[in-house]
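Please examine the sequence together with the three-dimensional structure shown below. The paragraphs that follow lead from the overall layout to individual residues.

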Amino acid sequence: MIRTLDKRIYLILMTALTISGFIVICTLGQSIYRQKLENRISASVTPPSSVCEVREYNGRIGLFKSGSSAPYRIIDYNVALMPDFDRDQLREGVVIETDEELRRFIEDIVT
């Protein structure tokens, strides 16, 4: 009777240790995976020097990628209708850093 009780306790303890070990190993594996993923993401996400530059292009508003001489998008809005300050800014070129800033800039100009 005592021998079977000892076997049961032994088997229960071994099962509990096995399950605990499995949980610890899985948790460590997941945390290592997350660290590697975060390192990969932080390495691949380098902040761009600028998203684009907004300049006057043939009397319209042109969006230029950095270093490009041809616009990738033209906004059909007559620059001559803009105030002098805005026209001067567009002649010099306005560097836009983020997509949100670009969206706000276009909304401000067109409205």
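Helices, labelled H, are DSSP runs of at least four residues, numbered from the N terminus. Under that convention, leucine 11 is placed in helix H1, which covers residues 2-44. The model under discussion is a predicted one.

The protein contains three helices and four strands, and their order along the sequence is α-β-β-β-α-β-α. Of its 111 residues, 17% are buried. The accessible surface amounts to about 8900 Å², and carbon and sulfur atoms account for 60% of that area. Where contacts link residues at least 6 apart in sequence, 42% of them join residues at least 24 apart.

Helix H1 offers a point of entry to the surface. Is leucine 11, a member of this helix, buried or exposed? Leucine 11 counts as exposed because its relative accessibility is 54%, and the threshold for that class is over 50%. Together with Tyr10, Met14 and Leu17, Leu11 makes a nonpolar surface patch of about 450 Å².

The interior can be considered next. The largest nonpolar core has 14 residues, and those touching the most other members are Val54, Ile61, Leu90, Ile96, Leu102 and Phe105. At least two residues of this core come from each of strand E1 (52-57), strand E2 (60-64), strand E4 (94-96) and helix H3 (99-110). Helix H3 gives the most, supplying four residues.

Leucine 90 connects this core to a residue of another kind. Setting aside residues up to four places away in sequence, leucine 90 touches Val54, Arg55, Glu56, Ile61, Val79, Met82 and Phe105. Among these partners is Arg55, which lies in strand E1.

How accessible is arginine 55? Its relative accessible area is 22%, so arginine 55 is classed as partly exposed; the buried class requires under 20%. Beyond its neighbours within four places in sequence, arginine 55 is in contact with Arg60, Ile61, Gly62, Phe64, Ser68, Ser69, Leu90 and Gly93. For Ser68, a specific atomic distance can be given: a polar atom of the arginine 55 side chain lies 3.4 Å from the backbone oxygen of serine 68. Arginine 55 may also be located relative to isoleucine 74: the two are 19 residues apart in sequence, and their C-alpha atoms are 9.8 Å apart in space.

How values were computed:
Residues are numbered from 1 along each chain as its sequence is written. This is a predicted model: local features need pLDDT of at least 70, side-chain atom pairs count only at pLDDT 80 or more; totals for chains, interfaces and linings use all residues. Side-chain values use heavy atoms; hydrogens and water are left out. Buried means under 20% relative accessible area, exposed over 50%, partly exposed in between (1.4 Å probe, protein chains only). Contact means heavy atoms within 4.5 Å. Accessible areas come from the Shrake-Rupley method with a 1.4 Å probe; for residues, only the protein chains shown count as cover. Patches are made of residues with over 30% relative accessible area and no salt bridge: like charges are joined within 9 Å, nonpolar side chains (Val, Leu, Ile, Met, Phe, Trp, Tyr) within 5 Å. A salt bridge is a side-chain nitrogen of Lys or Arg within 4 Å of a carboxyl oxygen of Asp or Glu. A nonpolar core is a set of buried Ala, Val, Leu, Ile, Met, Phe, Trp, Tyr and Cys residues joined through side-chain atoms within 4.5 Å. A polar contact is a pair of N or O atoms within 3.5 Å; within protein, one must be able to donate a hydrogen and the other to accept it, and residues adjacent in sequence count only if both atoms are side-chain atoms.
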